[in-house]
Amino acid sequence: MGQLTAGEARSQVTIYNHYLEEIIYQVEKNFKDMDFENANRREEMKEIIQKIKKECKEVKEDLNSLHFES
């Protein structure tokens, strides 16, 4: 892949933001669909889900803070 223009780079950031939002949505949806018999397992999984969401949001913030020269 060669150099991108500023507009192309911003478009890629938008695409990555969409992917990250989709990950957050799917993780939440899958967690809600899980059937837990053990409350401890539910809490463990909830913590994992929260970490995934936090990481995705941090990546989004980092992406959105990028500036591209025209």
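**Two packed helices and the loop between them**

The buried residues of helix 2 pack against helix 1, where buried means under 20% relative accessible area, exposed over 50%, and partly exposed in between (1.4 Å probe, protein chains only). The model is predicted: local features need pLDDT of at least 70, side-chain atom pairs count only at pLDDT 80 or more, and totals for chains, interfaces and linings use all residues. Residues are numbered from 1 along each chain as its sequence is written, and side-chain values use heavy atoms, with hydrogens and water left out.

Helices here are DSSP runs (H or I, at least four residues), numbered from the N terminus. The expected span of a helix is 1.5 Å times one less than its number of residues. For the 28 residues of helix 1 this gives 40 Å, and the end C-alpha atoms are 41 Å apart, which agrees. For the 26 residues of helix 2 the expected span is 38 Å, and the end C-alpha atoms are 37 Å apart, which agrees as well.

Two packed helices are described by the angle between their axes and the distance between the axes. Helix 1 (residues 6–33) and helix 2 (residues 39–64) pack at an angle of about 170°, with their axes 10 Å apart. That angle makes helix 1 roughly antiparallel to helix 2, since angles over 145 degrees count as roughly antiparallel, under 35 as roughly parallel, 65 to 115 as roughly perpendicular and the rest as oblique. The axes are lines fitted to C-alpha atoms over the stretch in contact, and angles run from 0 to 180 degrees between N-to-C directions.

Which residues form this contact? From helix 1, the participants include Val13, Asn17, Leu20, Ile24 and Phe31; from helix 2, they include Ile49, Cys56, Lys60 and Leu63. Contact means heavy atoms within 4.5 Å. By class, the contact of helix 1 with helix 2 has 13 nonpolar, 2 polar and 7 charged residues. In this classification Ala, Val, Leu, Ile, Met, Phe, Trp, Tyr, Cys and Pro are nonpolar, Asp, Glu, Lys and Arg are charged, and the others, Gly among them, are polar.

The buried residues of helix 1 are Ala6, Ala9, Val13, Asn17, Leu20, Ile24, Val27 and Phe31, and what covers them includes helix 2. In helix 2, Ile49, Cys56, Lys60 and Leu63 are buried.

Two of these buried residues carry polar or charged side chains by the classes above. Asn17, in helix 1, has a relative accessible area of 13% and is therefore buried. Leaving aside neighbours within four places in sequence, Asn17 is in contact with Lys60, Leu63 and Asn64. Lys60, in helix 2, is buried at a relative accessible area of 18%. Not counting residues up to four places away in sequence, Lys60 touches Asn17, Leu20 and Glu21. Gln12, also in helix 1, counts as partly exposed at 24% relative accessibility.

The structure holds 1 aromatic pair. The rings of Phe31 and Phe36 have their centres 5.8 Å apart and their planes at 50°, so the pair is tilted. Rings of Phe, Tyr and Trp (its six-membered ring) pair if their centres lie within 6.5 Å; planes under 30 degrees apart count as stacked, over 60 as edge-to-face and the rest as tilted. Phe31 is buried at a relative accessible area of 13%, whereas Phe36 is partly exposed at 25%.

Glu37 lies in the loop between helix 1 and helix 2. With a relative accessible area of 83%, Glu37 is exposed. The C-alpha atoms of Glu37 and Val27, 10 residues apart along the chain, are separated by 19 Å.
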